[in-house]
Amino acid sequence: MSEALVAALAEAWEQGEALAPLPAGMSPADVAAAEEVAAALVERLGHPVIGIRLAPAPGGSWVAAPLLGPRLLRAATPVALPALRHPRLSAAVIGVLAAPLAEAPPSFSALHPAVDVAADRYRDGPADAAQAVADLASLGLVLAGKRGLGVLPERAEARIGPTGTRPRPVQENLRALMDQAAAAGRRWGGLPAGALLVLAGLGGTRAAAPGKWSAAIGGLGRVSVVLTGSVDEPAQQGEGP
């Protein structure tokens, strides 16, 4: 594990300064090495882990990393874009575990439609899936909507776009993705009842822009969020996303 990368990422998370392209030998060799970096980063940041978030990564793969408590917000919370680097939006699903995660498929006490706002600590974004995992799968913010209706469908249409528009829906394999998130949760050491499994990257990914955005997940419901400010470099103070 690269202690230098852990220290650099921790500084970027806490101070908001971007990481330049990583020099040779500093980037994780693979996703397994990146998970070690991510685990050390979580320990250094000291925030509670409330679940696992599955998200798309460079190369068309899906990766998972811990979801930190402060990064989960209610959908009514305005999001300040200048606090985020390379922000991008997607629809998401939040599953609240009804029981500790076991080998059986996960069961949920509640499901929520959500909007995922991904962000990076790298100046130019992650170069590959391993770099994304080290940066907690490009975790920005997850904005949870009201409790959805019914159970998790095996497949569903997901869409996201500016409120008032009708973006093209994307058919998503929700059950397969949730099983993948659950497998990641087991690999990360398991999760208790009440913890979250989050599927981000649904309905396609859109570059963030100011205004009101809405996401919909077929069979679960809709959620809207408000983005404020402009997409600039994050302020260089406080904990930067």
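This report describes helix packing and sheet topology in a predicted model.

**Helix pair H1 and H2**

Helix H1 (residues 3-15) and helix H2 (residues 31-45) have axes that come within 9 Å and cross at roughly 45°. H1 is therefore oblique to H2, and the crossing is right-handed. On the H1 side, the contact is made by Glu 3, Leu 5, Val 6, Ala 7, Leu 9, Ala 10, Trp 13 and Glu 14; H2 contributes Val 37, Ala 40, Leu 41, Arg 44 and Leu 45. By class, this contact has 10 nonpolar, no polar and three charged residues.

**The two sheets**

Both open sheets are summarised below.

| Strands | Order | Pairing | Edge strands |
|---|---|---|---|
| Five | S4-S12-S11-S8-S9 | mixed | S4 (79-80), S9 (170-172) |
| Seven | S2-S1-S10-S5-S6-S7-S3 | mixed | S2 (62-68), S3 (72-74) |

In the five-stranded sheet, S4 and S9 each have a single partner strand, so one side of each is left without a neighbour in the sheet. Within this sheet, strand S8 (residues 156-162) pairs with strand S11 (residues 211-217) in the antiparallel sense over five bridges. Ile 160 has Ala 215 of S11 as its bridge partner.

In the seven-stranded sheet, S2 and S3 each pair on one side only, and the twist averages 30° from one strand to the next. Strand S1 (residues 49-56) and strand S10 (residues 196-207) run parallel and are joined by four bridges; Arg 53 stands opposite Val 198 in S10. Helix H4 (residues 174-187) packs on this sheet, where H4 touches S1, S2, strand S5 (88-97), strand S6 (108-118) and S10. The direction of H4 makes about 125° with that of S10.

Terms used:
Residues numbered from 1 in each chain as written. Predicted model: local features only at pLDDT ≥ 70, side-chain atom pairs only at ≥ 80, totals over all residues. Heavy atoms only, no water. Axes fitted to C-alpha atoms, helices over the stretch in contact; angles between N-to-C directions. Helix = DSSP H or I, 4+ residues; strand = E, 2+ residues; numbered from the N terminus. Parallel < 35°, antiparallel > 145°, perpendicular 65-115°, else oblique. Left-handed = near helix turned anticlockwise from the far one by under 90°. Contact = heavy atoms within 4.5 Å. Nonpolar A, V, L, I, M, F, W, Y, C, P; charged D, E, K, R; others polar. Pairing = 2+ DSSP bridges.
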